[in-house]
Amino acid sequence: MKRKKVITCLVLLQEDSLMNDVLEKATYTQKAKDSVLFDDGTYRIRKCKSGNILFNIKDRFVSKSLDFYGEFSPGETQLFESIIKPGDTVIDAGANIGVHTLDYSRFVGNKGVVYAFEPQPIVFN
């Protein structure tokens with residue numbers, strides 16, 4: 001019986017004043033405005049690097065990065081891409097709004113599987 005490799009990716013996001021300062025000073029570009037598919041003043045759907053993502057525009061970190069840059073934490077994404085291979089099983093514990101989850105699904109392909117869990121009700125409600 002062939003054993004499957006299971007990769008667990010856990011990222012802890014801590015408030016970083018430098019990151020916050022950079023995001024606060026970032027300029028909202030025309031490209032970012034053009035990529036908005038839906039906006040009701042609280043939630044926005046935007047074409048991002050990982051795919052179309054729904055987020056709360058009042059979030060100060062993940063959503064703000066998605067809104068300004070169309071991606072979140074590209075360095076982590078590159079690291080995970082070097083580890084996760086087609087056919088792998090990935091458990092995304094603490095998936096937040098699923099930004100990395102979308103990338104993981106692309107990395108594992110049709111023969112792999114990704115399980116994403118977010119324990120904070122305010123995030124997934």
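Is Arg-106 buried, exposed or partly exposed? In this predicted model, Arg-106 has a relative accessibility of 49% and therefore counts as partly exposed; the cut-off for exposed is over 50%. Its partner in a salt bridge is Asp-103, with 2.9 Å from N to O. Asp-103 has a relative accessibility of 4%, so it is buried. The two residues are three positions apart in helix H5, which means that about one helical turn separates them. In general, an α-helix has 3.6 residues a turn, so residues three or four places apart point the same way.

Helix H5 itself is largely enclosed by the rest of the structure, because seven of its 10 residues are buried. Asp-103 is one of these buried residues, and others include Val-99, His-100 and Thr-101. After H5 comes Gly-109, which has a positive phi near 70°.

Tyr-104, also buried, connects H5 to another helix. Aromatic pairs are the topic here, and the whole structure has two of them. One consists of Phe-68 and Tyr-69, whose ring centres are 6.4 Å apart; the planes meet at 55°, so this pair is tilted. Phe-68 is buried at 16% relative accessibility, while Tyr-69, at 43%, is partly exposed. In the other pair, Phe-80 and Tyr-104 are arranged edge-to-face, with 5.3 Å from centre to centre and 80° between the planes. Phe-80 belongs to helix H4 (residues 74–83) and Tyr-104 to helix H5 (residues 99–108), so this contact links distant parts of the chain, 24 residues apart. Phe-80 is buried, as is Tyr-104.

The nonpolar interior comes next. The largest nonpolar core has seven residues: Cys-48, Ile-53, Phe-55, Val-62, Leu-66, Phe-72 and Val-99. Strand E4 and helix H3 (62–69) each contribute at least two residues to this core. Another core, of six residues, lies apart from it and includes Val-90, Tyr-104, Phe-107 and Val-108. Val-99, in the largest core, and Tyr-104, in the other one, are both among the buried residues of H5.

Strand E4 (residues 51–56) also holds Leu-54. This residue is partly exposed, at 48% relative accessibility. Together with Leu-37, Phe-38 and Tyr-43, Leu-54 makes a nonpolar surface patch of about 370 Å².

The count of salt bridges is four. One of them joins the side chains of Asp-67 and Arg-44, at 2.4 Å from N to O. Because Asp-67 lies in helix H3 and Arg-44 in strand E3 (residues 43–48), this salt bridge ties together parts that are 23 residues apart in sequence. Which of these two charged residues are buried? Asp-67 is buried, with a relative accessible area of 11%, and Arg-44 is buried at 12%. Both belong to a network of salt bridges that also includes Asp-39.

A further salt bridge is formed by Lys-49 and Glu-71, whose closest N and O atoms are 3.8 Å apart. Lys-49 sits in the loop between E3 and E4, and Glu-71 in the loop between H3 and H4, so that this pair links distant parts of the chain, 22 residues apart. Lys-49 is exposed, with a relative accessible area of 66%, whereas Glu-71 is partly exposed, at 24%.

Key: Residues are numbered from 1 along each chain as its sequence is written. Side-chain values use heavy atoms; hydrogens and water are left out. Rings of Phe, Tyr and Trp (its six-membered ring) pair if their centres lie within 6.5 Å; planes under 30 degrees apart count as stacked, over 60 as edge-to-face and the rest as tilted. Buried means under 20% relative accessible area, exposed over 50%, partly exposed in between (1.4 Å probe, protein chains only). Helices (H or I, at least four residues) and strands (E, at least two) are DSSP runs, numbered from the N terminus. Patches are made of residues with over 30% relative accessible area and no salt bridge: like charges are joined within 9 Å, nonpolar side chains (Val, Leu, Ile, Met, Phe, Trp, Tyr) within 5 Å. Accessible areas come from the Shrake-Rupley method with a 1.4 Å probe; for residues, only the protein chains shown count as cover. A nonpolar core is a set of buried Ala, Val, Leu, Ile, Met, Phe, Trp, Tyr and Cys residues joined through side-chain atoms within 4.5 Å.
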